Amino acid sequence: MKEIIKKIFTFKNYEKIDSTENIIFYKSKNIEIEDNYMVVFYNEEIKEIEKYLLELYEGKISEYLARGIIGEAFEKNLSLILFIDVPEELKGVEIKKIIYSIEESKIYFKRYVVEYNKFQKNKFLERFLFSKNLLDEFENEIKDTKNFKNYKEKRETFYDLLIKLYIKIPFLEFVFSKENLVEKFEKDLTKDLMRYAELNTELKKCSISGEYELSFLTKNIEVDEAEIISKVKELGFKSGI
């Protein structure tokens, strides 16, 4: 998994400034873009992850600042992309709560969580590990309507993880052609966005001490946020078309 992520950053014009076994720091080669990332691959006890991230932030960032590896400007524009190898025994609701607590925490920088199980990772690696034109192959697979159909029908393939990468990694964007897409997805998108709005309203009603009760998401309204975001991108709303 690490090798593919390294290729993505390289192809997108980022350079590695330091790394350990499971942590890589990147900064953009474009001097006009103050865009820095700490990429972490986590495969330890999932319930200890927030403690791990807090210690990482307070320890590693302070160390790098002291050593001059990074400056205050780097830290200010630093985002975390966290890859979590999820144990098979964890249920979906548990995973969502953990991810939510990480992404919404006020303790540390901007955070993007990409979680995957063993099956998804293996399928993804089988498909892309030895790809020579990685980003082109990503785009070709995204355009394949069979992949999207399997995704909608909850059939696990490499596409599940591929979609997560495009949703969670800020600089990964795909420009879809509007041709035939509006007609194809307009009705579904409208319906899903309405359901998403209803969900947001209900979550606010369920607010407890400023935190939303995530179990409501899985028990009462079946909304696939990834599918909605994917459809929005397909319609060109975030693509710059």
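# A walk through the sheet and its helices

Start by selecting Asp 85, which sits in strand E4 (residues 78-85). Before going on, some housekeeping: this is a predicted model, with local features needing pLDDT of at least 70, side-chain atom pairs counting only at pLDDT 80 or more, and totals for chains, interfaces and linings using all residues. Residues are numbered from 1 along each chain as its sequence is written, and side-chain values use heavy atoms, with hydrogens and water left out. Helices (H or I, at least four residues) and strands (E, at least two) are DSSP runs, numbered from the N terminus.

**Stop 1: Asp 85**

Is Asp 85 buried or exposed? Neither, quite: at 23% relative accessibility Asp 85 is partly exposed. The scale here is buried under 20% relative accessible area, exposed over 50%, and partly exposed in between, with a 1.4 Å probe and protein chains only.

Now show the surroundings. Leaving out neighbours within four places in sequence, Asp 85 is in contact with Tyr 42, Asn 43, Tyr 116, Lys 118 and Lys 121; contact means heavy atoms within 4.5 Å. Draw a distance to Lys 121: the side chains of Asp 85 and Lys 121 share a polar contact of 2.8 Å. That term stands for a pair of N or O atoms within 3.5 Å; within protein, one must be able to donate a hydrogen and the other to accept it, and residues adjacent in sequence count only if both atoms are side-chain atoms. Try Asn 117 as well: its C-alpha is 5.9 Å from that of Asp 85, although 32 residues separate the two in sequence.

**Stop 2: the whole sheet**

Zoom out and color by strand. The five strands make an open sheet of mixed pairing, ordered E1-E2-E3-E4-E5; two strands pair if DSSP finds at least two bridges between them. E1 and strand E5 (110-116) are at the edges with a single partner strand each, so one side of each has no neighbour in the sheet. From one strand to the next, the twist averages 25°. For angles, axes are lines fitted to C-alpha atoms, for helices over the stretch in contact, and values run from 0 to 180 degrees between N-to-C directions.

Two helices to switch on here are H4 and H5. Helix H4 (residues 92-103) lies across E4 and E5 and runs at about 160° to E5. Helix H5 (residues 118-128) packs on the sheet, where it touches E4 and E5, and its direction makes about 90° with that of E5.

**Stop 3: strand E3**

Next, select E3. Why is E3 largely enclosed by the rest of the structure? Because seven of its seven residues are buried. In a regular strand the side chains alternate between the two faces of the sheet. In E3, Asn 36, Met 38, Val 40 and Tyr 42 are buried on one side, and Tyr 37, Val 39 and Phe 41 are buried on the other.

Look at the neighbours on either side. Strand E2 (residues 23-28) pairs with E3 in the antiparallel sense over five bridges, with Ile 23 standing opposite Val 40. E3 and E4 run parallel and are joined by seven bridges; Val 39 stands opposite Ile 81 in E4.

Then click on Asn 36, in strand E3 (residues 36-42). Asn 36 is buried at a relative accessible area of 6%, and its bridge partner in E4 is Leu 78. Residues up to four places away aside, Asn 36 touches Tyr 26, Lys 27, Ser 28, Ala 73, Phe 74, Asn 77, Leu 78 and Ser 79.

**Stop 4: an unusual backbone angle**

Jump to Asn 13, in the loop between helix H1 (2-11) and strand E1 (14-19). Asn 13 has a positive phi of about 70° although it is not a glycine, and with a relative accessible area of 38% it is partly exposed.

**Stop 5: two helix crossings**

Show H1 with helix H6 (residues 134-143): they pack at an angle of about 105°, with axes 10 Å apart. That makes H1 roughly perpendicular to H6, where angles under 35 degrees count as roughly parallel, over 145 as roughly antiparallel, 65 to 115 as roughly perpendicular and the rest as oblique. Ile 4, Lys 7, Ile 8 and Phe 11 of H1 meet Leu 134, Leu 135 and Phe 138 of H6.

Finish with helix H7 (residues 145-152) and helix H8 (residues 158-168), whose axes come within 9 Å and cross at roughly 95°. H7 supplies Asn 147, Phe 148 and Tyr 151 to the contact, and H8 supplies Phe 158, Tyr 159, Asp 160 and Ile 163.
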